[in-house]
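Good morning, colleagues. Please take a moment to look at the structure on the screen, and I shall then go through a sheet, a helix and the packing around them.

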Amino acid sequence: MKKLFTAVLALCLVLALAACGKGDTAANNETKAAETTAAAETKSGTGSGAAEATAAAAAVATAGDEGSYIVMWYAGNNEDGDAEATFYCPEGATIDESDIKEFLADGFVFDFRVTDNAREYMAIAENIRSREYSPNELKKYDITPQLYFYGELDEINASQVSNATQEVIDLGFQWEGHEMKLIKTHWTADGKEKYDYFVGVEYELMYAGTKDGKLGYYHAPGLLGFHVLSLNPMYDELPNDHYAWIAGQLFGVKSGRMWIVDDEPQKETTAAVVEVKAGELIGVWEERDSDWHNTYTFNEDGTGILKSGPEYPFTYMVEGDTLYLAFDYEEKYQITAEKDLLILLDKFGNNIYLDRKQDKETETEAETEETEAMTESEKKHPLMDKLIGKWVDNETEYRETFIFNEDGTGMYSYLDGGETYSWEFVYKLSETQSSRVDIEYDDGDKTTNYVDIDGDLMLLSNDAVYEMPFDRE
């Protein structure tokens, strides 16, 4: 990001594409991969950035692992100078065979489709420019871009449909510095209720045009992402965490969510229904083995809160052995209550184990004394002692280095052409996600990172890399 040639390349790319329109000619298409490979970012653990990502993708293709990823052209005049994005096939899903053939033949596609029959969803890739980018061409829009640009409803575009409402949800992670969002849209058309669920990012692109009577270069927003359709006739909408999981899988970044499908067929049972009293749920319950330290609070008045990073209020109802949880969508579970244990069986056949969280007043005197006797070092974030020190990338020529100090400061550096480039930073450990490290550099850049430390090995993941290894020095 700080390399001079990167900025020069981006400027040249913008000027070239501004002169050639969309850059759809065969000659332009053949050079896109080379242009993307030349642009490199090294900051915050991205190695050689786009260059290494493209090289890795080429290596995968050479190895014959067809269908594991696909390259999509999306913005010749993107402000960042990028023209293509690499997307990945989610676990258990398949990319449409015709799209893979097109990619192998041309090196990229303009759109594609992913299908997951086990999790029962389909994701359709789409890149949409706002109306202002080319107002004479866009006579009719798909519903999501009609209503969403710059993070809000557009009154003019929304006037083209009836009863239009929209909810924009920040999913809590990024792709290439852009916030990943879930856009839920509802409208009426032809007398029928319509819905659209879109996951993706908003980005800026440059265009040559006239605004307020002046000819020049201007910026307009675009949306890059996927319309996600449920293939289950019983459910039009998926849980928000499932949309986040799908987005993370497709964009190749960590979402912090899991979606486990049990491949084992569920055995039928003739056991009698055991009625669970709603009063047995009242209190706070902790989910076992949850990456997000999920807790459920059930109140006497039928309301509650799920804490999974953010807080999600809900209402609930128990009928027999069935628990109904209503967020902005409804979930149904078969429930078993065993004193201080709740077992929820979801629609996919997965058991969720919840342990009752004891009130502080019920702690024994010994537990209280033990808590009061904790040393300051024991009260530290569990990642702190593991993270402190110097970590070096020994696998690439850039020798990226992170130094984490105990006072929350640090230093980042890398080598390039015999020169060392470095930035000071401050970092913060997340209170809700044990592996998350947020870094703010002295030039204003910010990154969200996830680390897995085992002894003297640290695997770092962010919106550009997955489990990049660093050795402790």
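**The sheet and its helix**

Let me begin with β8 and strand β9, residues 178–189: the two run antiparallel and are joined by nine bridges. Within this pairing, I169 stands opposite L182 in β9. I should say at once that this is a predicted model.

The pair belongs to an open sheet of seven strands, in the order β3-β4-β5-β11-β10-β9-β8, with antiparallel pairing. At its edges stand β3, residues 94–95, and β8, residues 162–175; each has a single partner strand, so one side of each is left without a neighbour in the sheet.

Helix α7, residues 240–251, packs on this sheet, where it touches β4, β5, β8, β9, β10 and β11. The direction of α7 makes about 55 degrees with that of β8.

Is the length of α7 what one should expect, or what span do its 12 residues give at 1.5 Å a residue? The expected span is 16 Å, and the end C-alpha atoms of α7 are 17 Å apart, which agrees.

Turning to burial, 10 of the 12 residues of α7 are buried, so the helix is largely enclosed by the rest of the structure. Among them are Y243, W245, I246, L250 and F251. Just after α7, G252 takes a positive phi of about 75 degrees.

Finally, the cores. The largest nonpolar core has 51 residues, and those with the most contacts inside it are F87, F112, Y121, W175, L224 and F226. To this core α7 gives the most, with seven residues. Another core, of 23 residues, lies apart from it and includes L387, F425, Y427 and V451.

How values were computed. Residues are numbered from 1 along each chain as its sequence is written. This is a predicted model: local features need pLDDT of at least 70, side-chain atom pairs count only at pLDDT 80 or more; totals for chains, interfaces and linings use all residues. Side-chain values use heavy atoms; hydrogens and water are left out. Two strands pair if DSSP finds at least two bridges between them. Helices (H or I, at least four residues) and strands (E, at least two) are DSSP runs, numbered from the N terminus. Contact means heavy atoms within 4.5 Å. Axes are lines fitted to C-alpha atoms, for helices over the stretch in contact, and angles run from 0 to 180 degrees between N-to-C directions. The expected span of a helix is 1.5 Å times one less than its number of residues. Buried means under 20% relative accessible area, exposed over 50%, partly exposed in between (1.4 Å probe, protein chains only). A nonpolar core is a set of buried Ala, Val, Leu, Ile, Met, Phe, Trp, Tyr and Cys residues joined through side-chain atoms within 4.5 Å.
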